[in-house]
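User: I would like to go through this model step by step, from the overall fold to single residues. Please keep the answers short.

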Amino acid sequence: MTLRRRALFASAGGLGIILLGFIFAISTFISVSGSQSKINDLLAPAAQMADSLLLAQTAASGDLADYVLTGDEAALASHQSAISTTNVMITNLLDTFGEEDPALVALVEKSASAQRAWVSDDAEPTLVAMADGKQPKASRLTSKEKALVTYDAMISATVALQDEIEIQRQEASDSVASSARTLGTLLILGGLLLVAGFIGYFIYFQRWVIFPLMDIRKDLQLSTRDPMHTHPIEPLGPPEFF
């Protein structure tokens, strides 16, 4: 095989390895970027909104109980404000997820449905009784088993939403960490391959070019010193030397 062809094959092989490594590095980087973007743009804000939703739902129930117990209009206003906050958080969560994550959308809708059930079975009839001046009736209504069950269902649905968001955020974080380790490993391997390539090129050049030329030079020197110039010159190295 000619020296030119060997160099061509070696260059093509090295270029192929570099190209594959580059493609793999780009795909890994895209994966890291996508996972990090999902955490920053979707899951982190969603986690904060889900926390606010749970706090507002809890506050709405507590403020309702305070209003029934004390008749304080401030407690009523606080209850209404909490309900308004829950509605805003639910809307924001649905807008945030959009069509990107049907599973999370379904959990938000489940929490919203559970909240509507609690409002229908507990908050609304209790507030109607209070508006009619029937505080004992309001107290009985808000303490009924159905009211308690719907409240527990609402809180459980929102906690399930929080848990799913946290699971996805942890998975995305693990993906980022794994991809970062892969990139680091790839960089180390790339450096080692580069060093190995230089060493291989040096050895190859010595073996196929320098050493044959040295042997040919030695034979030429011996041939010139021979009075008959009959010292044979061994055909060493690539065909280009002959």
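User: Which pattern does the chain follow, read along the sequence?

Analyst: The model is a predicted one. Its chain holds five helices and zero strands. Read from start to end, the pattern is α-α-α-α-α.

User: What share of the contacts with a separation of 6 or more comes from residues 24 or more positions apart?

Analyst: A contact here means heavy atoms within 4.5 Å. Among contacts in the chain with a separation of 6 or more, the share from residues 24 or more positions apart is 74%.

User: How many of the residues in the chain are buried, as a percentage?

Analyst: Buried means under 20% relative accessible area. The chain has 242 residues, and the buried part of them is 29%.

User: Which helix gives the most residues to the largest nonpolar core?

Analyst: That core has 19 residues, and those with the most contacts inside it are Leu93, Phe97, Leu104, Leu161 and Ile165. At least two residues each come from helix H1 (3-70), helix H2 (73-97), helix H3 (102-131) and H5. With seven residues, the helix that gives the most is H1.

User: Which residues does Leu93 contact, leaving aside neighbours within four places in sequence?

Analyst: Leu93 is one of the residues with the most contacts inside the largest nonpolar core. Leaving aside neighbours within four places in sequence, its partners are Ala46, Met49, Ala50, Leu53, Val108 and Leu161.

User: How many residues are in the other core, which lies apart from this one?

Analyst: Among the members of that other core are Leu64, Val119, Tyr151 and Ile155. The number of residues in it is 13.

User: Is Gln162 buried or exposed?

Analyst: Gln162 sits in helix H5. Not counting residues up to four places away in sequence, it touches Ala50, Asp51 and Leu54. The cut-off for burial is under 20% relative accessible area. Because the value for Gln162 is 18%, the residue is buried.

User: What arc do the buried residues of H4 cover around the axis?

Analyst: In helix H4 (residues 135-143), the buried residues are Ala138, Leu141 and Thr142. They lie on the same side of H4, because the arc they cover is only 90 degrees.

User: What is the area of the nonpolar surface patch that includes Val195?

Analyst: Val195 has its place in helix H5 (residues 145-225). With a relative accessible area of 47%, Val195 is partly exposed. Together with Ile199, Phe202 and Ile203, Val195 makes a nonpolar surface patch of about 400 Å².

How values were computed. Residues numbered from 1 in each chain as written. Predicted model: local features only at pLDDT ≥ 70, side-chain atom pairs only at ≥ 80, totals over all residues. Heavy atoms only, no water. Helix = DSSP H or I, 4+ residues; strand = E, 2+ residues; numbered from the N terminus. Buried < 20%, exposed > 50% of the residue type's maximum accessible area, 1.4 Å probe, protein only. Arc of directions from axis to C-beta. Patch = residues over 30% accessible without salt bridge, like charges linked within 9 Å, V, L, I, M, F, W, Y side chains within 5 Å. Areas by Shrake-Rupley, 256 points an atom, 1.4 Å probe, with all protein chains shown as cover. Salt bridge = Lys/Arg side-chain N within 4 Å of Asp/Glu carboxyl O. Core = buried A, V, L, I, M, F, W, Y, C linked by side-chain atoms within 4.5 Å.
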